[in-house]
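Reader: Hello! Could you walk me through this one?

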Amino acid sequence: MRDAARIFLAASLLAASAVAGCAPKLPIEEGTLVIALPGAPTSIDPRLATDAYGEQILQITHAFLVKRDTAGNPVPDLAESWEERSPTEIVFRLRKGARFHDGREVTSADVRYTFEWILDPKNRSPHRMTYDAISRIETPDPRTVVFQLKEPFAPFLVGMSRGIVPAGSGARGYSPVPGAGPYKVDDFRPDEAISLSRHDGYHGRTPAIAKVLVKFLPDSNVRFLELKKGSVNFVLNGVDPDLLPAALKNPNLAMEEAPGSNVSYLGFNLRDPILSDVRVRRAVAMAIDRETIVRTIWKGHADPADSILAPGFWAHAEGLPRIRHDPAEAKRLLDRAGYRDPDGDGPKPRFTLTFKTSQNELRRRIAAVLQEQLRQAGIAVEVQSLEWGTFFSDIKKGNFQLYSLTWVGIADPDIYHYAFHSAQVPPDGANRGRYANPELDRLVLAGRREPSRAKRKEIYRKVQHLLSRDLPVFPLWINRNLLLRDRRLAGFAITPDEDYTSVKDLRIEGRTAAPAGKGTP
Amino acid sequence: MSERGPASRGRIAARFLRHRGAAAGLAVVAALLLVALLAPLLSPFDPNAQDLDSGLSGASASHWLGQDKLGRDLLSRLLHGSRISVSVGLGTVAVSLSIGLLAGCASGFYGGRTDHLFMRLCDVLMAFPGILLAIAITAVLGPSLRNVLIALSLLGWVGYARLIRAQVMKVKEMEFVESARASGSPPARILVSHVLPNALSPIIVESTFGIARAIVAEAGLSFLGLGVAPPAPSWGAMINEGRHFLFVAPHVAAVPGLAIMATVMAFNLIGDGLRDAMDVRD
C-alpha cells in the first residue's frame with residue numbers, strides 16, 4: 001500500500017514538473033505586444049468610426065494627412081508640408097513612397113476619395129458635418145491635394161487627422177479597410193480582439209515590435225488579472241485607481257502618469273424652471289466637494305477642472321474664477337433664489353432634482369456621492385441610472401435636469417460652437433442643456449473663422465470667462481492618464497488625449513525578474 | 001388524498017419541524033423577517049451616510065462588517081437591504097399567486113373556453129425568457145422597487161396558474177367533490193370550501209421556492225443596475241459595487257453575497273421541508 005502511495009506521489013511530481021516545463025510562453029516573451037482596451041470598437045473604418053476604441057485602433061493602422069503633437073499642434077504624417085494659399089484654399093504636399101498595406105502607393109486620388117466618400121450623403125458618415133466647410137477637392141498631380149473651403153474655417157487642419165483609405169474602398173462592415181499606418185490588420189474578431197502585424201512598407205520608422213494583439217476586455221477585473229498574469233502588457237486608463245497598488249506589487253509591471261484632457265462635467269438643463277436660475281446652478285456647483293472626490297474616488301489621479309479645455313491645451317484660458325466647495329454659500333444662494341429650506345437641516349429638501357446617468361458602476365458611484373453632497377445643501381437628488389442608449393437619447397432630447405458625461409478628445413476650441421451655440425441643439429450639435437447667449441454665439445462664430453491662433457486664443461478666453469459666469473455646465477475634473485505596462489516596454493509617449501499613435505514607437509527591452517512561481521532548475 | 005382537518009395540520013407541523021434543514025431554514029427566515037422589520041433600530045449607522053476617506057476599510061470596532069467604497073457602513077446597508085429582498089420576495093409571490101390563483105381556478109374548475117383562453121395566454125408568456133423580459137421591462141420603466149415587482153410578477157403568475165389548474169382539475173373529480181355537488185352546493189362554494197383546501201399543498205411548497213427565486217431575480221436586476229434606484233442598499237447592487245474591488249477589499253462583495261445565499265437557502269430548505277411534510281410529489 002505504501003509503495004503504491006509512493007509511486008503515485010512520484011508520478012504526480014513527474015507530471016507536475018512536465019506541465020511546468022511545457023508552460024506556454026507569454027506572448028511578450030515571443031515578441032508579441034498585447035494591449036487591452038476597455039471596450040470593443042463598433043467600427044474600424046476611419047470614415048465611420050466614432051467611438052474612442054475605434055479611433056485608437058485607427059491610430060495604429062491608418063495614416064493621416066496630419067497628426068497632432070502632445071500640445072495639439074498639427075505635425076506631418078502623409079502630408080510632408082502644407083500651405084494656406086488663402087483662408088479658403090489649403091494645399092497639402094504628400095510625401096513620396098508612402099504605401100498602403102496592400103502595397104499600393106498613397107496618392108492624392110486616395111485622399112480625395114476618402115473625403116469625398118465621407119461628404120457623400122448617401123454614405124451616411126457620422127463625420128460628414130466635420131468636413132462641411134469643404135467645397136471642392138482638387139488633385140493637380142499625384143502628390144498634391146488642394147482643399148477649397150466655402151468660408152474660412154480655423155479648425156480645418158485639426159480635422160485632417162482622419163485615416164486615409166485607398167481609392168475605391170467601399171464600406172465593408174466589420175472587415176477592415178487597408179490603411180497606410182505602421183500596423184496592418186491580420187484578423188479582426190468583433191467584440192473580442194484584433195491581431196496586427198508590422199507594415200513593412202510604412203513611411204515612418206519601422207516599428208520595433210512585429211506583432212500586436214489588441215484585446216477588448218470590458219471587465220476591469222479581467223484586465224487587472226491579465227495584466228498581473230502577463231497575458232496583457234499595456235493598459236492605458238483601464239485599471240481602477242483603487243487596484244493600482246495591488247497591480248504594482250507585481251515586479252513586472254510599471255506605471256506612468258501624465259496629464260489628461262478628458263473633462264468630466266455636470267450638465268444642467270437650462271429650460272428647467274429651477275435650473276434656469278444661474279444662482280441655483282452656482283449653488284449646485286458650490287455644494288460639490290470636488291477635492292474630496294478627486295482624493296478618494298480617483299485616489300489623486302485627477303485634477304479639479306475650471307474649463308472643458310485642459311490646462312495644457314493652447315486655448316485654455318488662464319485666471320478663470322475657481323468655484324470652491326462652500327456649502328454655506330450654496331445655501332445662501334438658494335435662499336436668495338427663493339428656495340428656502342422648509343425645515344432647516346431637517347429631512348425636507350428645498351427641491352428635488354433628477355440626475356441621469358448610465359449604468360456604469362463608476363458613474364453610479366459618482367452619482368451617489370453627488371447625491372449625498374447636494375443633500376447636505378438641502379437639494380434632494382433622485383438618481384436614475386439608465387441603460388446607455390436610453391440615457392444618451394434622453395440627454396439629446398433635453399429630457400433631463402442634471403446629468404454627467406465626459407468630453408473625450410477635444411482637439412480644437414471649436415468644441416464651444418458644437419456644445420454651446422444656440423443653434424447647436426441636438427441632433428445637429430451638442431448643446432444639450434439648451435444654452436442660448438447671443439454674445440457667446442457671436443464669439444464662437446468668430447472663433448471658427450479667425451485664422452490667427454493668437455486672436456483665437458483671445459476669443460476663447462472670453463468664451464471661457466462667459467461660461468464660467470453663466471455655468472451652463474460645471475466642469476468637474478480632468479482625469480490624468482495612467483498607463484500600466486510591462487516593465488520591459490519602453491518608448492511610448494502618452495498624450496493628453498489618449499492617442500495610440502505612439503504604439504509604433506514601443507520596443508521590448510532586456511529581460512526582467514522571472515514571473516513568480518517559476519524558479520530556475 | 002382526503003380532506004384534511006386540524007389534526008392533520010398538527011401532523012404536518014410536527015413532521016416539518018423534525019426536518020432539521022427546514023427548522024434551520026425557518027429560524028433563518030424568522031431572523032430575516034425580524035431584521036427587516038427592525039432594520040432602522042438595529043442599524044448602527046445611516047445606510048447612506050458616506051465617509052469617503054475611509055472607503056473600503058475592513059471590519060473594525062465601529063464598523064463590524066467594514067465599509068464600502070464610499071465609506072458607507074456595510075452592516076447597516078446589509079440590514080436595510082434585507083427589507084428590499086423581503087419585500088420583493090413576498091411581494092412578487094403575493095401578486096403572482098393572486099393572479100395565478102384566479103386564473104388557475106377559473107381554468108381548472110370551469111374548463112372550456114375560459115381554460116383555453118388562459119392556457120394559451122400562459123403558453124405565449126412562457127415563450128418569453130423570464131429574466132430577459134424582466135430586464136427589458138425595468139429598462140423601459142426605470143429602476144424602482146415597484147417596477148421590479150411588476151417585472152417579476154408579469155411572468156411569475158404563469159407557473160402558479162398552471163400548477164393550480166392541474167391541482168383543481170385533479171381534486172374536482174374526487175368523490176367528496178362529487179358528493180358535495182350531488183348535495184346541491186353551488187359551484188363557487190365547492191371551489192372555495194372543498195377543492196381549494198385540498199389543492200393547496202403543492203402551491204404552498206411552490207410559493208416558498210418562488211420567494212427564493214424572486215430574491216435572486218431582484219439581486220440579479222439590481223446587480224445589472226436595473227433594480228431599485230441608488231443609493232438604496234439592495235444586496236445585488238451591493239455585490240456590483242464590491243465586484244470591482246474583489247482583489248483589494250473582497251468583503252464588500254462577499255457580505256451581501258453571503259446574505260443572499262443564506263436567505264435563498266433558508267427559503268429552499270423550508271420548501272423542501274414543507275414538501276416532505278405535506279407529502280407532495282413533483
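Reader: Which residue of chain A forms a salt bridge with Asp53(B)?

Author: Happy to help. This is a predicted model, in which local features need pLDDT of at least 70 and side-chain atom pairs count only at pLDDT 80 or more, while totals for chains, interfaces and linings use all residues. Residues are numbered from 1 along each chain as its sequence is written, chains are lettered from A in the order in which they are written, and side-chain values use heavy atoms, without hydrogens and water. A salt bridge here is a side-chain nitrogen of Lys or Arg within 4 Å of a carboxyl oxygen of Asp or Glu. For Asp53(B) the closest N and O atoms are 2.6 Å apart, and the partner is Arg295(A).

Reader: Thanks! How many salt bridges does the rule find across the interface of chain B and chain A?

Author: The two chains meet through 26 residues of chain B and 26 residues of chain A in contact (heavy atoms within 4.5 Å). Across that interface, the number of salt bridges found is 3.

Reader: Where do the buried residues of helix 4 of chain B pack?

Author: Helices are DSSP runs (H or I, at least four residues), numbered from the N terminus. In helix 4 of chain B, Asp115(B), Met119(B), Cys122(B) and Leu125(B) are buried (under 20% relative accessible area, 1.4 Å probe, protein chains only). Seen down the helix axis, they fall within an arc of 120 degrees (taken from the directions from the axis to the C-beta atoms), so they line one face of helix 4. These buried residues pack against two elements of chain B: helix 3 (74–110) and helix 6 (145–172).

Terms used:
Buried means under 20% relative accessible area, exposed over 50%, partly exposed in between (1.4 Å probe, protein chains only).
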